[in-house]
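Student: I should like a close look at one part of this structure, with its surroundings described step by step. Please set it in the context of the chain to which it belongs.

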Amino acid sequence: MALGMQLIPRIARRLSRLTLVLLCVALVSFGLMMASPVDPVDAYLGPQMAQVSPEQRALIAERWGFDAPPAVQFGHWLRQLVSGDLGWSHVYNQPVSEVIGQRFQRSIMLLGSAWLLAALLGFSLGVAAGAKEGSTLDNLISTYAYITASTPAFWLAIVAVLLFSVTLGWAPTCCAGPTGVLNQDVTLASRLHHLLLPVITLALLGIANITLHTRARMLELMRSEVATHAFAQGASRFDIAWRHGLRHASLPAITLAFASLGELFGGSILIEQVFAYPGLGQATVAAGLRSDIPLLLGIALFTALFVSVGNMIADSLYSAIDPRMTSGGL
Amino acid sequence: MNSGQPPSYPPPNIYSQPRLRAALSLFVTTLLVMGLIASQWLLGDAPQQMQFDARLTPPSVDHWLGTDALGRELWARTLAGLALSFWVGCLAALLSTLIALSLAALATLSSRLDTLVSLLIDTLLSVPHLILLILIAFALGGGTQAVIIAVAVTHWPSLARVLRAELWQLRQAPYVRISRALGKSRWFVLHGHLLPHLLPHCLVGALLLFPHAILHEAALTFLGFGLSPSQPAIGVLLADAMRYLSGGYWWLGVFPGLGLLLMVLGFERLSNHLRRAL
């Protein structure tokens, strides 16, 4: 009962903070779009620009409200946003919400599996490395983690395509399914086959951060009094890593995994671009290169929501499991 | 553990001392960077020179890293790209550190400003870096300047957080409180006591930002939002390589990225050594 009483205001505070942050994201991204040299009417018309007279252009601008001051336009956009209308994407000729929905469905498979793989592998490598500082295994894993932390994501993807698709021919070079096959006819096996290489590449990059963090935690544990006590009782390093280490290091690893969703998404933009995987990341690039302002705004808001919820989960996990964090407020 | 006898220590290894390591890696990195800059001067227009009788040749003694579709030497282009990345990264990291420092300082002046700054930090951290970079580069219309500004504007929040926390702690330090009690102004305390204390943090922060700045510059350019395709930037080289991947022209894709990886790794090591030494 007491827990519930405490929980409700905390959740309410977090939700109001989330709304505030999202509002700020909307404001900032809208401001950036207003500042851009791209004219929304020109972007909408595309190559038909030459066939439209200045009067007609002015009419379109008036109809869409582009002649109004920015603040009024922002208010208008925000009202539509609240009613669930994100606008129309001229690149995909679909409502923005539909584009994001469809694309995200494909991306979530990539993001989700890479995220899980990175978290599990990163954590186990970190525990293995941190169990004995300075051992060969530790040196190997740390070196690997340092190198992947400095690797450009898109370059790794290019090398993966070169090695596994072009040279060895184990994996397809592009897309989410074989070319020339309708989307609904693609078999699950083929889908997974196309997903394999992007997932592994994305996961390989995410591992480094979690590994290094977990390793640092394990080193801390191995130097602590808990470990000294266990050693004195005859426990081996493996015992300590297994009994104490897993619990000690898992919380920061989980938190980090949730807090790194933004980086994961950034990586997926690059990797979807290299593998020509038709997900949300590729849509972002297309929207940016072809000046699809409503879609770009929609994606910015959507990813901000995605990342903020991840951060919120990370914070809540921390304060739920580690009571020392609760006293600090939000 | 062994009772009675004094424990026998291993002989001191001077190379394991953090300061010496930092100095060594600083020396090596400076040497490499100077070499990189000097090479630009020596190369002249070699990165843009086309040889139509040597198009898409694999690496050999004559063409060290091979040539691209227009017969341009890949090694010259890679070096030019690294130099370009270095300058863009330097400017962006410097600007970013300045933004972080001024906003952190601003945040300590009043609690209302502090709320505002932390809201700004939360806002920027909640959008994935790359999306924000694309939005800013889009708003500025692309090009070298746009990349520098975009990277600078997106990378300061993590450093600003560290500096802000440091400042909040410092405000309670005895010498600061005495200084305030003696009637010194906030401004005096800020630039007389607090800023000198923060300088090492800023130096390390800037160095830590640098590798990220380079990687994000290359990524942004690769996606087509950054430096113009006529410049031999690493992102441009790799985007070009994408078109020749299925033809098996592996050197185009491998070497520019490898160069970038080595450069980022070098700076990452340097900043880690420096952080431990300071």
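**A residue and its surroundings in chain B**

Tutor: In this predicted model, residues 82–271 of chain B form a span that is 85% helix and 0% strand, with its end C-alpha atoms 19 Å apart. The UniProt record, an unreviewed entry, places the feature "domain: ABC transmembrane type-1" at these residues, 82–271 of chain B.

The residue chosen for the close look is B:E217, which is located in helix α7 of chain B, residues 186–223. Is B:E217 buried or exposed? B:E217 counts as buried because 27 C-beta neighbours lie inside 10 Å, and the cut-off for a buried residue is 20 or more. When neighbours within four places in sequence are left aside, the contacts of B:E217 are B:S85, B:V88, B:G89, B:A92, B:V147, B:V151 and B:G226. A further reference point is B:A165, 52 residues from B:E217 along the chain; the C-alpha atoms of these two residues are separated by 28 Å.

Chain A may be described alongside. Chain A is divided into domain 1, residues 31–85, and domain 2, residues 97–326. Taken over C-alpha atoms, the centres of these two domains of chain A are 38 Å apart. As to confidence, chain A has a mean pLDDT of 85, and 94% of its residues reach 70 or more. Among the elements of chain A, the lowest mean pLDDT, 77, belongs to helix α2 (residues 40–45), and the highest, 93, to helix α12 (residues 280–289).

Key
Residues numbered from 1 in each chain as written. Chains lettered and ligands numbered in written order. Predicted model: local features only at pLDDT ≥ 70, side-chain atom pairs only at ≥ 80, totals over all residues. Domains from an automatic or database assignment. Helix = DSSP H or I, 4+ residues; strand = E, 2+ residues; numbered from the N terminus. Buried ≥ 20, exposed ≤ 12 C-beta atoms within 10 Å, placed from the backbone. Contact = placed C-beta atoms within 7 Å. UniProt positions renumbered as here; feature names shortened; annotations may be inferred. pLDDT = per-residue confidence, 0-100.
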